[in-house]
Structures are given as C-alpha cells and as structure tokens.
Amino acid sequence: MIVTADDFGLHDSVNEAVELAHRAGALNAASLMVAAPAATDAVRRARQLPGLRVGLHVVLADGWSMLDGERMSGEMLIKAVRMFSMPAARRRLEAETRAQFAAFARTGLNLDHVNAHKHFHIHPTIFNVLLKVGRDYGVPPMRLPDEPFWFAVRSGALSGVGNRLIFPWIAFMKRRLRRDHVFHNDHLFGIAGSGDMNEARLLDILRRLPPGVSEIYLHPATRSGDIIGESMSRYRHADELAALMSPRVREALGAVAVRGGYRDVCGGERRPPA
C-alpha cells in the first residue's frame, strides 16, 4: 500500500498538509511539481522528513514550465494532438521532461517514482518519453493508472465507461513497463474520486483492498478550492486532509502488511543512472 499526495509544491497549504499527514503516519509519499510556486518550500520540508518518499510529478499542462518558467495552459486535447503529430512539439516535450527530471535531481532527494499531472502519461507519446528519460535517471517506478472498475462506477456511469474504454491501453502500458523492467503498482485509487477522497471512500477502499500493490492518491491541503489552483474550484482539499488524519482511517491503514513508497514496496530495487 502506497498513500501519495499529488501536487506537492503547488501551494504552501499543500506542503503543510503533506507534512501533517506524514507525521501522523497516514501519508507515505508525495509527488513533487518541481517548477510550481511552492516547490522550494516543499523540498525544504521533504529534507526534514526522511521517511517521506518523494517522486516527480511531471507537469506538461495546467502548470509551470521548467524550461522558461511560463504558465502552461490546461488545453490537454490540443496538446495531445500536437505531441502526437508535430515533431517540434515532441522535441519540446522531451526537453521539458528532461528539464524537470534534472531539476528533481538537483534537489538531492531520492527519486521514489514518476507520474504525470492529470495522468497525462496515459498519452502514448508522453508515456514513451517518460520511459526514455527515466532510463537516464535510474529507471524510477511509474504509476500505472489502473483503477478497479468497482471504484470507478461509484462516481457515476461516465467514469465506469471511461474506465472500460481505456482498459486495452492500460493493459499495453503494463506489458511495456514489465518488458522494460519498470516497477509499477497493480491498482490505483483516486481517479474517479479526484478532489473528493473523503473518509468514507478511504475506508471503503481499505475494506476491499485487492491483492498486489495498491496506490491511493489524494490532493490534501489545509485550504480548499481555487486558492490552490485555478482548475480546482470543486476540490475539497481540506476534507481530504481530514480523511487522512481520521483515527478510523489511520487504524485501517495500520492493518496493511507493507506500507511505504514505491522503493519500499519493490524492495528498493533500481538500476544505476546511465
């Protein structure tokens, strides 16, 4: 079991929530946005929390560029088409991804995992670039967005349909990760409940935890809504923090046999950097 906070570094309120939940024993890992406004504060806190496993949250939309510091739009469909069809866009994608990996390396933190903001690494071109660049940084474990169907449908029929539609591609991603010897989770919880992972949802997941390696990801913060991010007006960040701090949730987490970050769960196996 891996319990992760995404968007580490996005806002001081996010960083504070990560520290609180980790010190309380509920949160094992965090995914860092290296170019976000509060990234320096996030790195400072992470250095004071040796048990917190920190990974790279690659941002390619709805965030800040590491190359030029500019704000990137959230128009993911347009970006997806360009990255697939335009060589210049693909070169920019790889340059931006390398810049973010390099920025993480400069923090001196151990790279626990890699994933992409908004799960953009489900895009074939981005997925291939993460694998390519990741080989130069020790082949970090990668989050596989494979959410169990029963959890997806609880958030509505549309979530369930989307889950089934992308299933063949998720299966391909899994085969590719295994072929390339990239450690990954077996199950992921949080896509269908993004921004509203409350106590009831967490307890339900922990009661029905499937065999294998599961990751639950959340967006905790001490404050909620668009003050954290313009695209997050409906996110209940503070409620997600409250869920992590819940004694019932922490008791249920305590019953899980193995907990930690990706490196802990996979036994710390890694390849040396190229």
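A residue is called buried here when its relative accessible area is under 20%, and that cut-off is the one to keep in mind when looking at strand 6 of this predicted model. Strand 6 covers residues 111-116, and 6 of its 6 residues are buried, so the strand is largely enclosed by the rest of the structure. One of its partners is strand 3, residues 53-58, which pairs with strand 6 in the parallel sense over 4 bridges. Within that arrangement, V58 stands opposite A116 of strand 6.

Before going further, it helps to see how confident the predictor is. The mean pLDDT of the protein is 90, and 92% of its residues reach 70 or more. A stretch to read with caution is residues 269-274, where pLDDT stays under 50 and for which the model has 13 contacts beyond four places in sequence.

From the strands we can turn to helix 9, which spans residues 199-207 and whose buried residues are R201, L202, L203, D204, I205 and L206. These buried residues pack against several other elements, namely helix 6 (149-153), strand 7 (187-189), strand 8 (214-218), helix 10 (237-245) and helix 11 (247-254). At the start of helix 9, a polar approach can also be followed by eye, in which a side-chain oxygen of N198 reaches to within 3.3 Å of the backbone nitrogen of A200.

The aromatic side chains offer another route through the fold, since the structure holds 7 aromatic pairs. One of them joins F127 and W169 in an edge-to-face arrangement, with 6.2 Å from centre to centre and 80° between the planes. Because F127 belongs to helix 5 (residues 124-134) and W169 to helix 8 (residues 167-179), this pair ties together parts that are 42 residues apart in sequence. The two partners can also be described by their accessibility: F127 has a relative accessible area of 0% and is therefore buried, whereas W169, at 24%, is partly exposed. A further pair is formed by F151 and F189, whose ring centres are 5.6 Å apart and whose planes meet at 85°, so that this pair too is edge-to-face. Here F151 lies in helix 6 and F189 in strand 7, and the pair therefore ties together parts that are 38 residues apart in sequence. F151 counts as buried because its relative accessibility is 2%, and F189 is likewise buried, with a relative accessible area of 0%. Returning to F127 and W169, the reader will find that ring pairs link both of them with F172 into a cluster.

Arginine side chains meet tryptophan rings at two sites that can be inspected in turn. R71 lies over the face of W64, at 4.4 Å from the ring centre, while R208 lies over the face of W150, at 3.8 Å from the ring centre.

The last stop is H237, which has its place in helix 10, one of the elements against which the buried residues of helix 9 pack. With a relative accessibility of 1%, H237 counts as buried. Its surroundings, leaving aside neighbours within four places in sequence, consist of contacts with H219, P220, A221, R223, S224, G225, I228 and M232. With G225 there is a polar detail to examine as well, for the side chain of H237 reaches the backbone nitrogen of G225 at 3.3 Å.

Technical notes. Residues are numbered from 1 along each chain as its sequence is written. Side-chain values use heavy atoms; hydrogens and water are left out. Buried means under 20% relative accessible area, exposed over 50%, partly exposed in between (1.4 Å probe, protein chains only). Helices (H or I, at least four residues) and strands (E, at least two) are DSSP runs, numbered from the N terminus. Two strands pair if DSSP finds at least two bridges between them. Contact means heavy atoms within 4.5 Å. A polar contact is a pair of N or O atoms within 3.5 Å; within protein, one must be able to donate a hydrogen and the other to accept it, and residues adjacent in sequence count only if both atoms are side-chain atoms. pLDDT is the predictor's confidence in each residue, from 0 to 100. Rings of Phe, Tyr and Trp (its six-membered ring) pair if their centres lie within 6.5 Å; planes under 30 degrees apart count as stacked, over 60 as edge-to-face and the rest as tilted. A charge sits over a ring if NZ of Lys or CZ of Arg is within 6 Å of the ring centre and within 35 degrees of the ring normal.
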